[in-house]
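Thanks, everyone; I would like to spend a few minutes on the empty space in this protein, so let me put the sequence and the structure on the screen.

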Amino acid sequence: MEIRPTAFDHPDAVKLNDEVQLEYVARYGGGDATVLDPAMFVPPRGLYLIAYDGLGRPVATGAWRAQDENDEAYSDGDAEIKRMYVAPAARGLGLARRILALLEEDARAAGRSRMVLETGTEQPEAIALYTSSGYEPCAKFGHYRHGDLSRCFAKPLT
């Protein structure tokens, strides 16, 4: 497996984003309505990663984007994880954990002080990944901060 930085609007990124949206529809009845712009993931204020299998097929993604204090309850120095996804055929290989570690490393190097993320109750495997990686529940933030199915987590990067 090779994990490499890629633009958020690259065709492989679009393909995997479409797949994760279908997964959200299956689990929640609708896709993620959070507005994302490719510029949000341009270093040093973000990073978008894609994992490719041995045949060069895109099989997993993960990203972070800088956040600072705003009306969606973020704090100065936050790095928000977005679009963590592993295609079904590549699950169980440790890709999500590898991508998560790379995102944390990059956000720390960019001077961010806290990694934050929002996931949902219908993604227990995501919650297990994050809690086993040192993330703890935190005050809710972001687009879904008022939703009953939303769960927010944070991990200090300093």
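I will go through the cavities and then turn to the largest pocket.

This is a predicted model, in which local features need pLDDT of at least 70 and side-chain atom pairs count only at pLDDT 80 or more, while totals for chains, interfaces and linings use all residues. Residues are numbered from 1 along each chain as its sequence is written, and side-chain values use heavy atoms, with hydrogens and water left out.

On a 1 Å grid over the protein atoms alone, a cavity is a set of points where a 1.4 Å probe fits but cannot get out, a pocket is an open set with protein on both sides within 12 Å along at least five of seven lines, and lining residues have an atom within 4 Å of a point. Searching the whole structure gives two cavities of 30 Å³ or more, volume being the space filled by probe spheres set on the points, which are joined across faces, edges and corners.

The largest cavity holds about 50 Å³, and its lining includes Arg65, Glu80, Lys82 and Glu118. The second largest, at about 30 Å³, has Ala13, Leu16, Asn17 and Val20 among its lining residues, and helix H1 (11–28) gives the largest share of that lining, four residues.

What volume does the largest pocket have? It comes to about 790 Å³, with 36 lining residues, of which Tyr24, Met84, Thr119, Gln123 and Ala126 lie nearest the centre. Strand S4 (78–86) contributes the most to this lining, six residues, where helices (H or I, at least four residues) and strands (E, at least two) are DSSP runs numbered from the N terminus.
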